[in-house]
Amino acid sequence: AASALFLDDEGYLLTGDAAAQAGARVPSRLLTGFHRRIGDDVPMLVEGEPFPPETLTTVLVEGIAEHAANLFGGPPHHLVLTHPGDWGGYRRDVLRRALAEAGFTAVTLVPGSIAALGAHLPVPGPGAQVAGVCEFGSDGVNVTLATASGASGWQPGQSAEGVAPAA
């Protein structure tokens, strides 16, 4: 599903693919990229309405949790969400608080690059290992170097965002 929200005429936020489709018709009411702004002091504005980015992310998560509940016969007991690798404790705490206020108290936050490594590389063996993850997006390439050593698994190291694709 699209990571998008759309403010409809009644003031409700549509989520996912429905939001992306509605936003194609009325782009001024489409919200995307809000998850990267979690922790910013300035809210996102749509039609003059202010929305904190963490609230928008929570609305999207609520839509996904509702979809999962319909598919599997009950709400999820635990959420695992990815986040940009350069987030510090402040941004993670802002997101955790917003999710907790919506009733999502069992949440694990994982840097996106580490989630990708865990999904595509075997569990690291003995001795330190290094891996690189490149995330290609419209604003350039995000590069993360990660290290691993047996029991501790993959740990993010240096990251660079918005690297020009040619670099």
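**Briefing: helix α2, the cores and the largest pocket**

Thr-58 has its place in helix α2, and this briefing starts from that residue before turning to the rest of the chain. The model described here is a predicted one, and its chain of 167 residues, of which 34% count as buried, holds four helices and 10 strands. Helix α2 recurs through the topics below, since it supplies residues both to the lining of the largest pocket and to the largest nonpolar core.

**Helix α2 and Thr-58**

- Thr-58 counts as buried because its relative accessibility is 5%, and the cut-off for buried is under 20%.
- Leaving aside residues up to four places away in sequence, Thr-58 touches Ala-98, Leu-99 and Ala-102.
- The buried residues of α2 are Pro-53, Glu-54, Leu-56, Thr-57, Thr-58, Val-59, Leu-60, Val-61, Ala-65, Ala-68 and Ala-69.
- The 20 residues of α2 should span 28 Å at 1.5 Å a residue, and the C-alpha atoms at the two ends of the helix are 28 Å apart, so the expected and modelled spans agree.
- After α2 comes Gly-73, a residue with a positive phi near 80 degrees.

**Nonpolar cores**

- In soluble globular proteins, nonpolar side chains tend to be buried together.
- In this model the largest nonpolar core has 12 residues, among them Ile-38, Val-61, Leu-81, Trp-87, Leu-99 and Phe-104.
- At least two residues of this core come from each of α2, β6, α3 (89-101) and β7 (107-111), and the largest share, three residues, is supplied by α3.
- Another core, lying apart from this one, has 10 residues, including Leu-5, Leu-7, Val-46 and Val-59.
- Ile-38, a member of the largest core, touches Pro-53, Glu-54, Thr-57, Trp-87, Arg-91, Val-94 and Leu-95 when residues up to four places away in sequence are not counted.

**The largest pocket**

- The largest pocket holds about 850 Å³ of space, and of the 39 residues that line this pocket, those closest to its centre are Ser-3, His-35, Leu-60, Ile-64 and Thr-82.
- Two or more lining residues are given by each of α1 (16-25), α2 (53-72), β6 (79-83), α4 (112-120), β8 (128-137), β9 (140-149) and β10 (154-163).
- Helix α2 provides the largest share of this lining, with six residues.
- By residue type, the lining of the largest pocket divides into 15 nonpolar, 18 polar and six charged residues.

**The loop at Gly-48**

- Gly-48 is found in the loop that lies between β4 (44-46) and β5 (49-51).
- With a relative accessible area of 60%, Gly-48 is exposed, because that value is over the 50% cut-off.
- Gly-48 and Pro-27 are 21 residues apart along the chain, and their C-alpha atoms are separated by 14 Å.

**The chain as a whole**

- Read from the N terminus on, the elements of the chain follow the order β-β-α-β-β-β-α-β-α-β-α-β-β-β.
- Taken along the principal axes, the box filled by the C-alpha atoms of the chain is roughly 55 × 45 × 30 Å.
- Among contacts in the chain between residues at least 6 apart in sequence, 44% join residues that are at least 24 apart.

Notes: Residues numbered from 1 in each chain as written. Predicted model: local features only at pLDDT ≥ 70, side-chain atom pairs only at ≥ 80, totals over all residues. Heavy atoms only, no water. 1 Å grid on protein atoms, 1.4 Å probe; cavity = no way out; pocket = protein on both sides within 12 Å on 5 of 7 lines; lining within 4 Å. Points joined across faces, edges and corners; volume = space filled by probe spheres on them. Nonpolar A, V, L, I, M, F, W, Y, C, P; charged D, E, K, R; others polar. Core = buried A, V, L, I, M, F, W, Y, C linked by side-chain atoms within 4.5 Å. Buried < 20%, exposed > 50% of the residue type's maximum accessible area, 1.4 Å probe, protein only. Contact = heavy atoms within 4.5 Å. Expected span 1.5 Å × (residues − 1).
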